Amino acid sequence: MSAKKGKPVPKNQRNQYLQVYVRCRPLSDSENRHPPAVEIHHQRDIAVQDRTNPKISKTYSFDRVFTPEAKQAEIFQAVVGPLISDVLTGYNCTVFAYGQTGSGKTFTMEGDIGSCSPQVFGQDSMAGLIPRAMCALFDELRVLQSEYTVRISLMELYNEELYDLLSPDEVPPKLRLFEDPTRKGSAFVQGLQEVMVHTQTQVLAELRKGSAKRQVAATLMNAQSSRSHTIFTVTVHYKESSVDGEELMRTGKLNLVDLAGSENIGRSGSVDKRAREAASINQSLLTLSRVTACLVEHQPHVPYRESKLTRLLQDSLGGRTKTSLIANISPAHCNLEETLSTLDYAHRAKCVANRPEVNQKVSQTVIMKEYTDLIEDLKKKLDLHRTGSGVYVNDENYKQIMEGTKERNQRIIEISGKIRDVYSRKKSTEEIFEALSSSIEKQRINLENVNHTIVKTSEEISKTKDVLARAKTEQSEAKSILKTLSEKENELRTQADHLAQVAESAHEDSDKIHNRLDFSRVVLVENTHVLNKVKDTSKFKIEAAMKIVSSLSTWSQVLSKLLSVMGELVGQSARLTGSLIVSCSYNFAFLL
Ligand SMILES: Nc1ncnc2c1ncn2[C@@H]1O[C@H](COP(=O)(O)OP(=O)(O)OP(=O)(O)O)[C@@H](O)[C@H]1O
């Protein structure tokens, strides 16, 4: 997206567009952590980019764009330097400083006037456009070697009220603005102090005085300096001789305007909702924006009369003044919205055309007549004072005084109404305050009770915590016992399984033993049977032997017969014994 636009060709060739400059201040210490959101190219182009959103990116071109490194002297040489000779040629010139709060408007216009000494005032590296302009003007006038007068004034415009910052009064008086009947479309400020100055030292003293007054006014009004406009004006008159020898007075004027912070004024010139709610609408800045838009769009009606700033400086916007605008911006990302808004306004202002004209020279005779009339007026006043018969007031002043009185009376009525309003609001506020106080007392008691309950609950919680800690310890002990028991149970189960196996095998063994015992019993019965048989056989044999013995005649026969029978018996019993031993040993081995 690009905001570059060609300027419309002016119908009148004498038209001169507003010179528009941009000054980008350096990043402040707090902003220095992030890369800047602006880039400046070839001293004319400026690109603004939102690094978090590449869609928000714009490029603009201006008559000159100053980088953050630009020195105060450089700005002066480019912007105001050429206007000094214009002023001395008889032009009226105006330079506006526009931009959000903290963008460097006052730094550009005034610089640091607090610390510099009068000798270097104007050359000091921190000196802004006002001191430098005054210094250059005196230098030029010295070269001209002509009779001259230089007068300066300093006004503050806050909340649509004008204050004279160079007035000798301790509290800056309010000033009134009137239409100038001698010059259509211009206004004059009644009672404004225009201080005659001859040297830089005087200028510095007046500026310091003005700055102190501004603070007094700000404190009294509870105002913020960023919401007020300051208008410094220097008017130069110097004598010239015409070709026919007549002495003429040439007049030139330079206005250096430090505008209020432009935040809250949207790009379309509408007011931010929050600003409206906070009642901080800056009528003059808003009207400035509207006037610019109307001039750019060549609207038939331009609303100059809607604010004091545009009434005062009507001639600088679409009039006969040479006008420049410095758009002050911050390079920081956090100010991106305001920077875009400032550059949009400045870009629009490039299309405002003026028709600069040299102020008419006034002949010495005309001035002499004006002074003679004035002296006459003063004489009459003095006479009336002396005789004590009243105060002389000319017609115009009388009309103004009457208008003023009417306005003041109206104001007194309004203020009385407001005071009544304030009293009634005060009363209802007091009632609300009392109700609130008693409710607060109740709440305080409730709070105490709650605190007490909290203390008690805390104690109980702490006790419960102890119990819980103990229970946890016991639980962990029980867990460890359970673990041991479970291990033991497993061990016992293994042992029981083993014992069951042993019992099983014992049972099997016992079965075997029983079987063997049964078998042995059978064998024993058999053996008993065999033995009984042997016994019977032996008894039979022995009885047979006894019969044989009794039939034998000799002892030797008997003996030999006995021995043979005995031998048979022994052999028989040896066989039996052998079969018994085999059967027993078999049983024994089986048992084992
Ligand atoms: N070009 C610059 N170089 C160094 N410091 C600067 C520059 N511009 C501004 N500053 C510093 O930035 C701060 C804000 O500047 P300044 O007060 O001039 O802003 P402002 O636009 O006039 O604000 P306000 O609208 O509140 O009056 C000041 O401390 C000033 O010294």
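Modeller: Before we start, UniProt positions follow the numbering used here, feature names are shortened, and annotations may be inferred rather than shown by experiment. This is a predicted model, where local features need pLDDT of at least 70, side-chain atom pairs count only at pLDDT 80 or more, and totals for chains, interfaces and linings use all residues. Residues are numbered from 1 along each chain as its sequence is written.

Colleague: Which residues does the UniProt annotation "binding site" cover?
Modeller: That label comes from an unreviewed entry. In the record, the residues covered are G99, Q100, T101, G102, S103, G104, K105 and T106.

Colleague: Is K105 buried or exposed?
Modeller: K105 sits in helix 3 (helices are DSSP runs of H or I, at least four residues, and strands are runs of E, at least two, numbered from the N terminus). Burial goes by other C-beta atoms, placed from the backbone, within 10 Å of a residue's own: 20 or more is buried, 12 or fewer exposed, in between partly exposed. K105 has 29 such neighbours, so it counts as buried.

Colleague: And T101, buried or partly exposed?
Modeller: T101 is in the loop between strand 7 (92–98) and helix 3. Its C-beta neighbours inside 10 Å number 17, so T101 counts as partly exposed.

Colleague: Which helix gives the most to the shell around the ligand?
Modeller: The ligand is surrounded by 14 residues, where near means a C-beta atom, placed from the backbone, within 6 Å of the molecule. Among the closest are R25, G104 and T106. Three shell residues come from the top contributor, helix 3 (residues 105–109).
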